[in-house]
Amino acid sequence: MNWDELGLKIAKEIEKEVMPYFGKKEGAKIIGYSPSGDTTELIDRMSEDIVLKHLKPLNINIVSEEIGTINNNSEWTAIIDPIDGSFNFTTGFPCFGFCFAIFKNNKPYYGLTYEFLTKNIYEAYVGKGAFLNGEKIKVKKYIEKEAVISYYSNKNLNLIGKVRRARIMGAFGVEMAYVAKGALDAVFDIRPYVRTTDFASSYIICKEAGAIITDEKGHEFKFNLNTTDRYNMIVANDKKLLNIILEEI
Ligand code: IPD
Ligand code: CA
Ligand code: CA
């Protein structure tokens, strides 16, 4: 199976169907609840229906944000966030994407994160490096005064003075792809709130681009393939920046 071709095909079909709803309230109509308790909006359902149309006939396991887990006892598992950054999408804030990860025997295999507006394709097969539109990408070299971070915390953290810019973009999987390409030095969530569907594809891309990924204690990040567990997660381009974050949180 060409997972990259399939992932992009699904991404393009979602793009065609849902982009007309960009910045429009109709797309935010609540039509249900996901297994993790979040609302499912019209655009989430429309996107996931396209995902399921393509993946169900393959009889692989599917872990997708709105529907949860479909277990077919396959060696292959697809982990999907049909739209990461739904709130951004419906409010017209241009940061959202499609997250598509493939695991083989529960181990990372391939990740694709696609941004509908820029049409940027971030992807990685494990062991083969990370790519943006076919060009190899690496995390940015950390320079203290130039660092740009994004973070989600329930506490007031004293980090703004320690970096050049602090932002919260509202699409965690996309923000991780930004770390992989060097537009961000770090992104983290210590609420804890992110789920495997949010980060699975970009986890693979970030690892291949040389990012460090840990929990809130600085230990190697571990996760399960489901849609309900929520995590503390730190993704950084450099140990020095990771240590600054760990001291503050
Ligand atoms: C959300 C976004 C957001 C993050 C939340 C996620 P969704 O994903 O990634 O940045 O803070 O934790 O749930 O719900 O738009 O797919
Ligand atoms: Ca998400
Ligand atoms: Ca989503």
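## Exercises on a predicted model

Helix 5 (residues 196-208) of this predicted model lies across strand 3 (61-64), strand 5, strand 6, strand 7, strand 8 and strand 9, and runs at about 100° to strand 7.

**Exercise 1.** Determine which strands helix 4 lies across, and at what angle to strand 5 the helix runs.

*Solution.* Helix 4 lies across strand 5 (76-84), strand 6, strand 7, strand 8 (121-125), strand 9 (130-132) and strand 10. Its direction makes an angle of about 100° with strand 5.

**Exercise 2.** Give the strand order of the open sheet of eight strands, then explain why strand 4 and strand 10 each have one side without a neighbour in the sheet.

*Solution.* The order is 4-3-5-6-7-8-9-10, and the pairing is mixed. Strand 4 (68-70) and strand 10 (135-137) stand at the edges with a single partner strand each, so one side of each has no neighbour in the sheet. From one strand to the next, the twist averages 20°.

**Exercise 3.** Describe the pairing of strand 6 with strand 7, and find the residue opposite Phe 98.

*Solution.* Strand 6 (residues 97-104) and strand 7 (residues 107-114) are antiparallel and share seven bridges. Opposite Phe 98 stands Tyr 114, in strand 7.

**Exercise 4.** Identify the residues that touch the most other members of the largest nonpolar core, and the helix that supplies its largest share.

*Solution.* The core has 69 residues, of which Val 179, Ala 180, Ala 186, Val 187, Cys 206, Ala 211 and Val 235 touch the most other members. Helix 4 (residues 172-181) supplies the largest share, seven residues. Domain 1 (3-137) and domain 2 (144-248) each contribute at least three residues to this core.

Note on methods. Residues are numbered from 1 along each chain as its sequence is written. Chains are lettered from A and ligands numbered from 1 in the order in which they are written. This is a predicted model: local features need pLDDT of at least 70, side-chain atom pairs count only at pLDDT 80 or more; totals for chains, interfaces and linings use all residues. A nonpolar core is a set of buried Ala, Val, Leu, Ile, Met, Phe, Trp, Tyr and Cys residues joined through C-beta atoms within 7 Å. A residue is buried if 20 or more other C-beta atoms lie within 10 Å of its own, exposed if 12 or fewer, and partly exposed in between; C-beta atoms are placed from the backbone. Helices (H or I, at least four residues) and strands (E, at least two) are DSSP runs, numbered from the N terminus. Domain bounds come from an automatic or database domain assignment. Two strands pair if DSSP finds at least two bridges between them. Axes are lines fitted to C-alpha atoms, for helices over the stretch in contact, and angles run from 0 to 180 degrees between N-to-C directions. Two residues are in contact if their C-beta atoms, placed from the backbone, lie within 7 Å.
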